[in-house]
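Here are my notes for you on the model we discussed, set out as numbered points. Please read them with the structure open beside you.

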Amino acid sequence: MEASSGHQLMAETLGKFVSLVSKRLPDDVMAKLRELKEIETEPLAKSLYACMFENMEKAELLNRPTCQDTGVIQFFVRAGAKFPYLGELRGILKEATILSTKQAPLRLNAVEPFDEKNTGTNVGTKVPWIEWDIVSDDDSVEIEVYMAGGGCSLPGRSIVLPPLAGYEGAVKFVFDTIVEWGINACPPLTVGVGIGTCSTSAAKLSKMAMLRKLGSSNPHPRAAEMEKRIQEGLDAIGLGPQGISGHRSVLGVHVEGMAHHPSVLGVGVTVGCWANRHGIIQFNKNLQYTMISHQGVEL
């Protein structure tokens with residue numbers, strides 16, 4: 001059965017957007033990197049920030065991804081139940097990934113499990129990875145694409161603590177993770193922390209936290225205080241750009257939580273590298289789109 005014109009239009013638009021995300025960082029990440037570059041005084045760290053910005057300029061000039069490792073493509077979908085292409089969306093996202101892989105071009109990172117064979121398309125078993133949130137009484141869709149290279153995926157951890165460990169135990173787990181593994185993720189880092197009821201829910205919440213807009217705070221005052229304490233503590237370690245030491249370690253720390261079983265406390269940590277590549281695009285029912293994360297840019 002032939003795809004509809006709307007199906008093709010949305011796949012092509014999303015393919016272009018995925019390509020854009022690979023080459024240009026979202027507005028909030030760019031602003032924070034400029035801020036850290038300005039306050040840095042260590043000579044080597046200053047040189048590395050200069051290299052980062054030169055890299056981003058070259059990515060735009062040469063029309064190539066900011067970093068060659070664009071990871072396994074992940075989509076986070078908030079779809080209205082009345083969005084007319086909801087039933088086709090999984091196929092559209094796969095087609096967009098294949099199109100972007102050719103257009104950008106994206107490095108081929110989808111390796112089939114057990115066979116350990118690269119698919120050559122960035123599409124494979126359960127890839128691209130898609131997280132769904134269906135909204136009732138709505139006919140639009142919001143799609144966030146995220147690219148996590150191997151380095152920033154490596155520190156990802158989740159654990160279930162006994163309740164007596166408390167939030168102090170959760171904070172210790174975050175610090176142990178970043179101190180031991182954070183340097184692999186090309187600092188300065190964006191750190192997401194999830195408080196859940198099992199390792200799975202905590203890990204997912206930490207990913208959603210990591211994707212939040214930099215500078216935002218959890219509305220719960222205790223969670224916001226936790227974010228502040230962790231960020232101040234990690235910055236005091238002074239990982240600096242690429243982990244060679246400097247005045248800052250992180251772009252931001254975000255915490256998200258859910259109601260949990262009284263006998264356990266799940267904690268998840270997700271880390272984004274300095275080139276924290278993600279972006280949000282919205283479509284209405286007529287497939288007119290708005291880019292939330294990349295203002296003033298055209299596809």
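**Notes on the predicted model**

1. Proline 128 is found in the loop between helix 4 and strand 2, and the peptide bond that joins valine 127 to proline 128 is cis, with omega at about 5°. Please keep in mind throughout that this is a predicted model. Proline 105 lies in the loop between helix 4 and strand 2 as well, and a cis peptide bond, with omega of about -10°, links alanine 104 to proline 105. As general background, most peptide bonds are trans, and most residues other than glycine have a negative phi.

2. Phenylalanine 114 belongs to the loop between helix 4 and strand 2, and its phi is near 70°, a positive value in a residue other than glycine. With a relative accessibility of 81%, phenylalanine 114 counts as exposed. Serine 245, which sits in the loop between helix 8 and strand 6 (250–257), also has a positive phi, near 90°. Serine 245 counts as partly exposed, at 38% relative accessibility.

3. Turning to helix packing, helix 1 (residues 5–23) packs against helix 4 (residues 89–103) at an angle of about 50°, and the axes of the two are 7 Å apart. That angle makes helix 1 oblique to helix 4, and the crossing of helix 1 with helix 4 is right-handed. On the helix 1 side the contact includes His7, Met10, Leu14 and Val18, while the helix 4 side includes Leu89, Ile92, Leu99 and Gln103. Sorted by character, the residues of this contact are nine nonpolar, five polar and four charged.

4. How are helix 2 and helix 3 arranged relative to each other? Helix 2 (residues 27–39) and helix 3 (residues 43–62) pack at an angle of about 150°, with 10 Å between their axes, and helix 2 and helix 3 are therefore roughly antiparallel to each other. The crossing of helix 2 and helix 3 is left-handed. From helix 2, Met30, Leu33, Arg34, Leu36 and Lys37 take part in the contact, and they meet Tyr49, Ala50, Phe53 and Met56 of helix 3. The residues of this contact divide into seven nonpolar and two charged, with no polar ones.

5. Glycine 6 has its place in helix 1, and at 7% relative accessibility glycine 6 counts as buried. Leaving aside residues up to four places away in sequence, glycine 6 touches Tyr85 and Leu287. Glycine 6 and proline 84 are 78 residues apart in sequence, yet their C-alpha atoms are 9.6 Å apart in space.

6. How many salt bridges does the structure hold? The structure holds 10 salt bridges, and, in general terms, side chains of opposite charge can pair when their charged atoms come close. One of these pairs is arginine 24 with glutamate 60, whose closest N and O atoms are 2.8 Å apart. Arginine 24 lies in the loop between helix 1 and helix 2 and glutamate 60 lies in helix 3, so this salt bridge ties together parts that are 36 residues apart in sequence. Arginine 24 is partly exposed, with a relative accessible area of 27%, and glutamate 60 is partly exposed too, with a relative accessible area of 48%.

7. Lysine 82 and aspartate 137 form a salt bridge through their side chains, at 2.9 Å from N to O. Because lysine 82 lies in the loop between strand 1 (74–80) and helix 4, and aspartate 137 in the loop between strand 2 (129–135) and strand 3 (141–147), the pair ties together parts that are 55 residues apart in sequence. Lysine 82 and aspartate 137 are both exposed.

8. Within helix 8 (residues 221–237), glutamate 232 and lysine 228 are four residues apart, which means that they are separated by about one helical turn. Glutamate 232 and lysine 228 form a salt bridge, with the closest N and O atoms 3.5 Å apart. Glutamate 232 counts as partly exposed at 46% relative accessibility, and lysine 228 is partly exposed with a relative accessible area of 45%. Elsewhere, Arg212, Glu227 and Glu256 are joined into one network by salt bridges that share partners.

Note on methods:
Residues numbered from 1 in each chain as written. Predicted model: local features only at pLDDT ≥ 70, side-chain atom pairs only at ≥ 80, totals over all residues. Heavy atoms only, no water. Axes fitted to C-alpha atoms, helices over the stretch in contact; angles between N-to-C directions. Parallel < 35°, antiparallel > 145°, perpendicular 65-115°, else oblique. Left-handed = near helix turned anticlockwise from the far one by under 90°. Contact = heavy atoms within 4.5 Å. Nonpolar A, V, L, I, M, F, W, Y, C, P; charged D, E, K, R; others polar. Salt bridge = Lys/Arg side-chain N within 4 Å of Asp/Glu carboxyl O. Buried < 20%, exposed > 50% of the residue type's maximum accessible area, 1.4 Å probe, protein only.
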